[in-house]
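The exercises below each set a task and then work through its solution step by step. Please examine the sequence and the model before reading on.

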Amino acid sequence: MRASGLLLGIAGLPGNYGIGKLGKEARNFVDFLKKSGQRYWQILPLSPTGYGDSPYQSCSVRAGNPYFIDFETLEQEGLLKPADYQNTQFGDNPRYIHYGMLYQTVAPTLKKAYERFKPDAGYEEFLRKNADWVQDYALYTAVKEENSGKPWYEWENSLKMARPEALAAAKERLADKIGYQLFVQYEFFKQWHELKLYANRNGVEIIGDMPIYCAYDSVEAWLNPELFEFDQNKRPLSVAGCPPDDYAKDGQLWGNPIYNWNAMRDNGYNWWINRIAFETDIYDVLRIDHFRGFAGYFSIPYGSQTAAAGKWRKGPGMSLFNSTNYWLGPKRIIAEDLGFVTDDVRTLLKEAGYPGMKVLQFAFDPNAKNAYLPCNFESKDCAVYTSTHDSSTASGWAEKLGGDTLKFCMSYMNITDKKDIPDGLLRAAWSSIADTAIAQPQDFLGLGDETRINVPGTLGLNWRWRLSREDLSFAFSDKLLSLTKTYNRIVTGPVPALQKAQGR
């Protein structure tokens, strides 16, 4: 099925409250996608942001980000009054997220809603359906708040080691804080499922994003140490990253603990089966980040200052996906097969049968045999991107081009003016044989790297940019719709997930 869409995290939606929300602005974006002939809305992870404000360094692989909860929806439910949030400062620039300000203001606002909340049948059903994770998450966040936000490995020893008596005492001592966290997750997922249903009813499917790794300071690492390469004191033996290359001479040191793949295999990959089941339930399509880590992963000794001392180790390969397929059946998955791609990664992708990714910014080295060039796509079973959250925008990338790469790029796209490269990338993506074509809104709007979402390996200025309401103009919609019609990516017919939900 030829289709297309836009990549925009919930955080990047416009609105009045410092960060994107799951309410009317999200529904307005769905309306924009529908009007513009788009089938897909690809988002970033929904989890609470962690170190460096990154959604890929979250304290939980399942919890929803409280910042995304819509205050106006809570007001409609009788849980907030306008005075509870309308005069509160959530940010000082509608274009950029101020995480420090959100940290100070969102929780007090949600706690006002919690004070008015009365548990109902929907709440009890949510707790029942999510019993395998939500109570643990609520306990973790309550203890973390009690410890002034310190990571769990800096808590007093009985809590750090999750001794049963210490956990029981904490549950009793922190009952109200735990109740608040359960309320937050209930409201988040209620709003999320309502948004997804709205999208599906309007012919838009959600592509979600699953980071491969957990953060060290996460509830998963705290309560499931047997799943990670930890010593007896829950200290990592090794951490994840990338080897040195032309872009990072010392490599990239991510710091996430490495999985104990032998223990996971011996347990039938139960943790992964449950995780993928959860993710494919809340999304229509799932993008698995850093897919190459399942074929082989880069392991760095804990305590290293750079990634230079790391080494490649063999991942679980098809044994993991055979297990998930057996228990869950086929799922709609996109594999992020970028980075250091070797034969074992290619083999795993082929055996798993998942479409991979083609990022056009990697295509013009120049080498007419480059696999990312649309003329060399071997199959339509892939997703092509003009840019990603980890790359420059199309305009930012074009601005930096020079030499033979620039000449080849312009020759390939048959353009004579460098400023036309971003539109050339869009045409190359939408006209390609790839079933799915995705771009960031910045690429259609001609915005440069001042709007870039993330620069890997850096801290401080990432994950901040937001759309404005004015960006979602008629001109943008018309340009997107025209491109989509020209290259036969208009999709008719209902969304498969909606058909299933309605029993069709």
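**Exercise 1. Decide whether Ala-263 is buried, partly exposed or exposed, and place it in the fold.**

Solution. Ala-263 has a relative accessible area of 25%. Buried means under 20% relative accessible area, exposed over 50%, and partly exposed in between, with a 1.4 Å probe and protein chains only. Ala-263 is therefore partly exposed. The residue belongs to helix H11, residues 261-266, where helices (H or I, at least four residues) and strands (E, at least two) are DSSP runs numbered from the N terminus. Across the fold, the C-alpha of Ala-263 lies 7.2 Å from that of Glu-226, although 37 residues separate the two in sequence.

Before the next exercise, two remarks on the basis of the values are needed. The model is predicted, so that local features need pLDDT of at least 70 and side-chain atom pairs count only at pLDDT 80 or more, whereas totals for chains, interfaces and linings use all residues. Residues are numbered from 1 along each chain as its sequence is written, and side-chain values use heavy atoms, with hydrogens and water left out.

**Exercise 2. Describe the overall build of the protein, starting from its secondary structure.**

Solution. The secondary structure comes to 20 helices and twelve strands. The radius of gyration is 23 Å, close to the 23 Å that the globule rule gives for 504 residues, so the protein is as compact as a globular protein of that length; the radius is taken over C-alpha atoms, and the rule is 2.2 Å times the number of residues to the power 0.38. Along the principal axes, the C-alpha atoms fill a box of roughly 70 × 55 × 45 Å. Of the 504 residues, 58% are buried. Among contacts (heavy atoms within 4.5 Å) with a separation of 6 or more, 74% come from residues 24 or more positions apart.

**Exercise 3. Identify which residues have the most contacts inside the largest nonpolar core, and which helix gives the most to it.**

Solution. A nonpolar core is a set of buried Ala, Val, Leu, Ile, Met, Phe, Trp, Tyr and Cys residues joined through side-chain atoms within 4.5 Å. The largest such core has 158 residues, and those with the most contacts inside it are Trp-41, Trp-192, Trp-272 and Ile-421. Helix H9 (residues 175-201) gives the most to this core, with eleven residues. In soluble globular proteins, nonpolar side chains tend to be buried together.

**Exercise 4. Compile the surroundings of Phe-32 and of Met-210.**

Solution. Begin with Phe-32, which is placed in helix H1, residues 24-35, and is buried, with a relative accessible area of 4%. Leaving aside neighbours within four places in sequence, Phe-32 is in contact with Leu-6, Leu-472, Ser-473, Phe-476, Ser-477 and Leu-480. The C-alpha atoms of Phe-32 and Leu-472 are 7.3 Å apart, even though these positions lie 440 residues apart in sequence numbering.

Turn next to Met-210, found in strand S3, residues 205-210, and buried with a relative accessible area of 0%. With neighbours within four places again set aside, its contacts include Trp-272, Arg-275, Ile-276 and Glu-279, together with Leu-286, Arg-287, Ile-288 and Asp-289.

**Exercise 5. Inspect the backbone at Tyr-269, Trp-463 and Asn-414, and at the bond joining Asp-365 and Pro-366.**

Solution. Tyr-269 has a positive phi of about 55° although it is not a glycine; this residue lies in the loop between H11 and helix H12 (270-282) and is buried, with a relative accessible area of 4%. Trp-463, likewise a residue other than glycine, has a positive phi near 65°. Its loop runs between helix H18 (441-445) and helix H19 (474-486), and Trp-463 is buried at 8% relative accessible area. Asn-414, which follows H16, has a positive phi near 55°. Finally, the peptide bond joining Asp-365 and Pro-366 is cis, with omega about -10°, and Pro-366 is in the loop between strand S10 (356-359) and strand S11 (382-385).

**Exercise 6. List the buried residues of helix H16 and state what covers them.**

Solution. In helix H16 (residues 403-412), the buried residues are Thr-405, Leu-406, Phe-408, Cys-409 and Met-410. Their cover includes helix H15 (394-400) and helix H17 (421-431).
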